[in-house]
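Good morning, and thank you for coming. Please keep the model in view while I speak, and find each residue as I name it.

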Amino acid sequence: MTCYRIDGITPVVHPDAFVHPDAILIGDVIVGPDCYVGPAACLRGDFGRIILERGANIQDTCVMHGFPGSDTVIEEDGHIGHGAVLHGCRIGRNVLVGMNSVVMDNAVIGEASIVAAMSFVKAGFNCPPRSLVAGSPATVKRTLEDKEIDWKSRGTKEYQVLAKRSLATMEACQPLTEVETDRQRLPASDLKPKDKNA
């Protein structure tokens, strides 16, 4: 990973977390155990504190930042989709923030909620637990069902396994020039994209 100290404050990464070598961590960043930080993610703790609690993941090209003195927090088992931006907000336990969403300052996303992809969550927004949040600006659409929260939790477990797989097997290499005749497939689970009718 690319890691920078600023004003004498050094990022902290738990040894059981995986931070991709192309991610950037600056200053007051704390990455807890079993976390996954994807390639090109940028966690800028140069104004406020950035915290990823146990089992959280923040995927490729995501950004975390905040105003001076603020905390930007992903609580335990939080799941942040590709390209999302979190700024001075709190993402509750077992929350999914969908791809390319933006969550602004002092917003609080309640436990076991889902923020739909491409949503814009305004500053100061506060949603109750188990909410489906969507739109631009985002609003609470309804309460989530148990099966939806279970689907989200299973997806997060996949990223916790990916952190372990990456720590154990990821290594820089040169590409092959052609596909092998007996090319292996990656390990698969039964997790599938959410059915729009489910």
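**A sheet and an aromatic cluster**

I begin with a single facing pair: I114 stands opposite L132 in strand 19. The model is a predicted one, in which local features need pLDDT of at least 70 and side-chain atom pairs count only at pLDDT 80 or more, while totals for chains, interfaces and linings use all residues. Residues are numbered from 1 along each chain as its sequence is written, and side-chain values use heavy atoms, with hydrogens and water left out.

Some terms are needed here. Helices (H or I, at least four residues) and strands (E, at least two) are DSSP runs, numbered from the N terminus. Two strands pair if DSSP finds at least two bridges between them.

Let us return to the strands. Strand 16 (residues 114–115) pairs with strand 19 (residues 131–135) in the parallel sense, over two bridges. On to strand 20: strand 19 and strand 20 run antiparallel and are joined by five bridges. Here L132 stands opposite R142 in strand 20. The two strands, 19 and 20, form a hairpin with two residues between them.

How covered is strand 19? Four of its five residues are buried, so one may call the strand mostly covered. Buried means under 20% relative accessible area, exposed means over 50%, and partly exposed lies in between, with a 1.4 Å probe and protein chains only.

Now the wider sheet. Eight strands form an open sheet in the order 3-5-7-10-13-16-19-20, with mixed pairing. Which strands lie at its edges? They are strand 3 and strand 20 (138–143), each of which pairs on one side only. In the chain as a whole, the secondary structure comes to one helix and 20 strands.

I turn next to the aromatic rings. Rings of Phe, Tyr and Trp (its six-membered ring) pair if their centres lie within 6.5 Å; planes under 30 degrees apart count as stacked, over 60 as edge-to-face, and the rest as tilted. By this rule there are two aromatic pairs. In one pair, F18 and Y36 have ring centres 5.7 Å apart and planes at 25°, so they are stacked. Because F18 lies in strand 3 (residues 18–19) and Y36 in strand 5 (residues 36–37), this pair ties together parts 18 residues apart in sequence. Are these two residues buried or exposed? F18 is buried, with a relative accessible area of 6%, and Y36 counts as buried at 8%.

In the other pair, the ring centres of Y36 and Y159 are 5.4 Å apart and the planes stand at 65°, so the pair is edge-to-face. This pair links distant parts of the chain, with Y36 in strand 5 and Y159 in helix 1, 123 residues apart. Y159 is buried as well, at 19% relative accessible area. Together, F18, Y36 and Y159 form one aromatic cluster.

Helix 1 (residues 146–169) also holds A168. This residue is exposed, with a relative accessible area of 64%. The C-alpha atoms of A168 and F18 are separated by 9.8 Å, although the residues are 150 apart along the chain.

Finally, the chain as a whole. Of its 198 residues, 45% count as buried. Its C-alpha atoms fill a box of roughly 50 × 50 × 25 Å, taken along the principal axes.
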